[in-house]
Amino acid sequence: MKTEIRFALFLAALQIGATLFAPAASAAAARSPLPDTSKMNVLFIIIEDCYAGVWGSYGNTICQTPNMDRFAQSAVRFDRAYVQAIACNPSRSSFLSGLRPLTSGVWNNGQVMSERLPPGTVTLPEHLKKKGLHTAVIGKFFHTTDYARQQLMAFDRIEHYQPPPGWSGPPPILKFPSEPRAERAPPAKNKKSPEYQAWRRKQSDRYGDSGKAPEAEGDYRIAQTAVALLGDFAKSKQQFFLSVHQSRPHTPLIAPKKYIDMYDPAKIPAPPAPPSSLKGCPYPKRMTGGNPDIFMTGQPTPQQAREAIAAYYACVSFVDDNVGRVLAALDQQGLTDNTIVFVMGDHGFHLGDHGFWSKYSMLEATRRAPLWVRVPGAAGNGRVCREFVEFVDFVPTLGELLGFNVAPNLEGISFAPLLANPDRPWKTAVFQVQTPAEQMVRNQRYSYLEFKDGPVPAALYDLEKDPWEIVNLAEDPAHAKTRTEMAALLKAGWKAALPKR
Ligand SMILES: [Ca+2]
């Protein structure tokens with residue numbers, strides 16, 4: 001068959017298809033792919049230090065997460081959602097302000113957000129309060145209260161979280177027996193002192209049975225408090241914003257025994273990308289030395305590694321149960337159809353890949369985080385979005401959904417169009433900052449990390465061939481052109497990667 005004839009037949013087939021499907025398509029277009037969301041409530045569930053690959057809906061076949069698997073079927077699951085910084089404080093400062101770390105002024109855990117944000121910056125809870133929502137937070141939201149005193153004043157209710165000085169909201173909705181707090185404070189201020197180091201190890205560097213019943217755990221109580229507040233909100237019928245925290249699976253990797261018992265360490269595969277396989281790793285010290293969160297004094301044995309991953313899974317399953325109770329309460333109170341839900345990790349975590357047991361890298365395990373978004377009635381619900389989104393997009397996205405204006409200097413864009421159509425072509429790259437001298441860009445095919453003062457000046461990975469970022473191609477002459485292109489993309493910055501709308 002000649003090419004022209006084949007092409008003519010192809011056009012004819014398209015024409016038939018267009019005719020056949022035209023009525024359905026125009027009906028779909030007539031129905032808005034996103035309903036009117038301006039009066040909806042907003043529920044945030046923020047899960048600390050959460051590697052995306054542990055969830056069933058992200059493909060994990062060992063870790064049991066039935067509640068979030070079910071939720072994923074009713075939401076858009078973002079497969080390529082990236083945080084803008086490598087740890088809690090800078091990541092949260094970014095996604096709660098809509099500014100990237102070099103603009104928010106916060107790129108590490110020591111920088112006080114409220115002192116460093118550009119004057120006039122309005123953070124998410126302040127926007128929502130101004131919009132008239134009843135605002136409530138349960139557990140950690142900004143890194144610490146001290147870092148965000150003024151911003152936390154925007155909350156009408158603060159539960160399981162130290163309120164800022166001068167805040168005078170209602171008392172706790174539920175009363176729990178108080179927990180001993182003495183050992184939570186460090187015994188010495190000098191972080192290099194042996195006393196501090198020993199305390200830090202006890203706080204963070206352990207895994208296994210927590211020795212507590214689930215009901216006695218803070219994460220469980222946070223969920224119970226959320227259930228109680230949702231009951232209140234349903235009665236008052238006031239539009240609300242509620243943020244619910246889960247401290248797990250942040251270290252220490254401890255969980256009630258029934259969750260630890262769910263996983264046999266012998267059945268956990270060894271971590272991928274072992275240090276011996278790495279070529280040109282930009283974090284050479286971390287590969288063989290101690291880690292900031294767990295295995296602080298040195299690398300684990302293979303058995304300890306499997307036990308720690310099993311314990312991490314136990315923590316995630318516990319979180320899944322807690323989150324499941326909150327989502328069930330949303331249903332039971334009749335709020336599901338009128339509440340936008342974001343469930344997310346605040347950044348990822350390395351479960352032994354590269355010999356890392358922490359965050360603090362610009363590699364995929366840290367920079368990618370789990371993210372599910374459910375907007376009731378959105379056409380994309382139940383589907384997977386494989387387009388790039390960044391957490392810095394949250395404020396503009398909620399601005400579009402709820403109808404509040406955001407400042408023109410924000411450094412993300414609303415991804416609301418992806419909630420209607422997850423397949424729509426979107427950003428071509430995502431960006432991350434470790435320090436002003438250490439930054440990352442990843443596009444569809446490559447990740448490129450630059451270290452102006454590092455032991456390795458740059459790292460380039462071909463994610464199609466090497467998804468675990470094992471072989472650094474930055475010095476490979478065959479990839480010189482790609483390195484130049486990726487360096488140019490990093491320099492051009494986020495605006496160069498925006499979708500055409
Ligand atoms: Ca964190």
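## Helix 6 and His127

Helices here are DSSP runs of H or I with at least four residues, numbered from the N terminus. In this predicted model, His127 belongs to helix 6, which covers residues 124-130. The relative accessible area of His127 is 7%; the cut-off for buried is under 20%, so His127 counts as buried.

With neighbours within four places in sequence left aside, His127 is in contact with Val122, Val395, Phe404, Asn405 and Val406.

## The eight-stranded sheet

Eight strands make up an open sheet with mixed pairing, and their order is 4-3-6-1-8-9-2-10. At its edges are strand 4 (157-159) and strand 10 (384-390), each of which pairs on one side only. The average turn between neighbouring strands of this sheet is 15°, direction ignored.

Within this order, strand 1 and strand 8 are joined by seven bridges and pair in the parallel sense. Val42 is placed opposite Ile340 of strand 8. Helix 12 packs on the sheet and touches strand 1, strand 6, strand 8 and strand 9 (371-374). The direction of helix 12 makes about 175° with that of strand 1.

## Helix 9 against helix 12

Helix 12 (residues 302-332) also packs with helix 9 (residues 218-236). The angle between them is about 5°, and their axes are 9 Å apart. Angles under 35 degrees count as roughly parallel, so helix 9 is roughly parallel to helix 12.

On the helix 9 side, the contact is made by Asp219, Tyr220, Ala223, Gln224, Ala226, Val227 and Leu230. Helix 12 meets them with Phe318, Asn322, Arg325, Val326, Ala329 and Leu330. Sorted by class, the residues of this contact are nine nonpolar, two polar and two charged.

## Nonpolar cores

The largest nonpolar core has 59 residues, and Val54, Trp55 and Leu242 are those with the most contacts inside it. Several elements supply at least two residues each: strand 1 (41-47), helix 2 (66-72), strand 3 (134-138), helix 9, strand 6 (240-246), strand 7 (253-255), helix 12 and strand 8 (339-345). Helix 12 gives the most to this core, with 17 residues.

Another core lies apart from this one. It has 53 residues, among them Met113, Leu128, Phe155 and Cys385.

## Val54 and Asn60

Without its neighbours within four places in sequence, Val54 is in contact with Asn60, Cys63, Thr65, Tyr312, Tyr313, Val316 and Leu351. Asn60, one of these partners, is placed in the loop between strand 1 and helix 2. Asn60 has a relative accessible area of 13% and is therefore buried, the limit being under 20%.

Not counting residues up to four places away in sequence, Asn60 touches Gly53, Val54, Trp55 and Tyr313. Tyr313 is thus named in contact with Val54 and with Asn60. Asn60 and Leu229 are 169 residues apart along the chain, and 32 Å separates their C-alpha atoms.

## The four-stranded sheet

A further open sheet has four strands in the order 11-12-13-14, with antiparallel pairing. Strand 11 (429-435) and strand 14 are the edge strands, and each pairs on one side only. Neighbouring strands of this sheet are turned against each other by 10° on average, direction ignored.

Strand 13 (residues 446-451) pairs with strand 12 (residues 438-443). These two run antiparallel and are joined by five bridges; Gln439 has Glu450 in strand 13 as its bridge partner. Strand 12 and strand 13 form a hairpin, with two residues between them. Strand 13 also pairs with strand 14 (residues 458-462) over five bridges, again in the antiparallel sense. In that pairing Ser447 has Tyr461 of strand 14 as its bridge partner, and the hairpin from strand 13 to strand 14 passes through six residues.

Why is strand 13 described as largely enclosed by the rest of the structure? Five of the six residues in strand 13 are buried, so the strand is largely enclosed.

Definitions and conventions
Residues are numbered from 1 along each chain as its sequence is written. This is a predicted model: local features need pLDDT of at least 70, side-chain atom pairs count only at pLDDT 80 or more; totals for chains, interfaces and linings use all residues. Side-chain values use heavy atoms; hydrogens and water are left out. Buried means under 20% relative accessible area, exposed over 50%, partly exposed in between (1.4 Å probe, protein chains only). Two strands pair if DSSP finds at least two bridges between them. Axes are lines fitted to C-alpha atoms, for helices over the stretch in contact, and angles run from 0 to 180 degrees between N-to-C directions. Angles under 35 degrees count as roughly parallel, over 145 as roughly antiparallel, 65 to 115 as roughly perpendicular and the rest as oblique. Contact means heavy atoms within 4.5 Å. Ala, Val, Leu, Ile, Met, Phe, Trp, Tyr, Cys and Pro count as nonpolar, Asp, Glu, Lys and Arg as charged, and the others, Gly among them, as polar. A nonpolar core is a set of buried Ala, Val, Leu, Ile, Met, Phe, Trp, Tyr and Cys residues joined through side-chain atoms within 4.5 Å.
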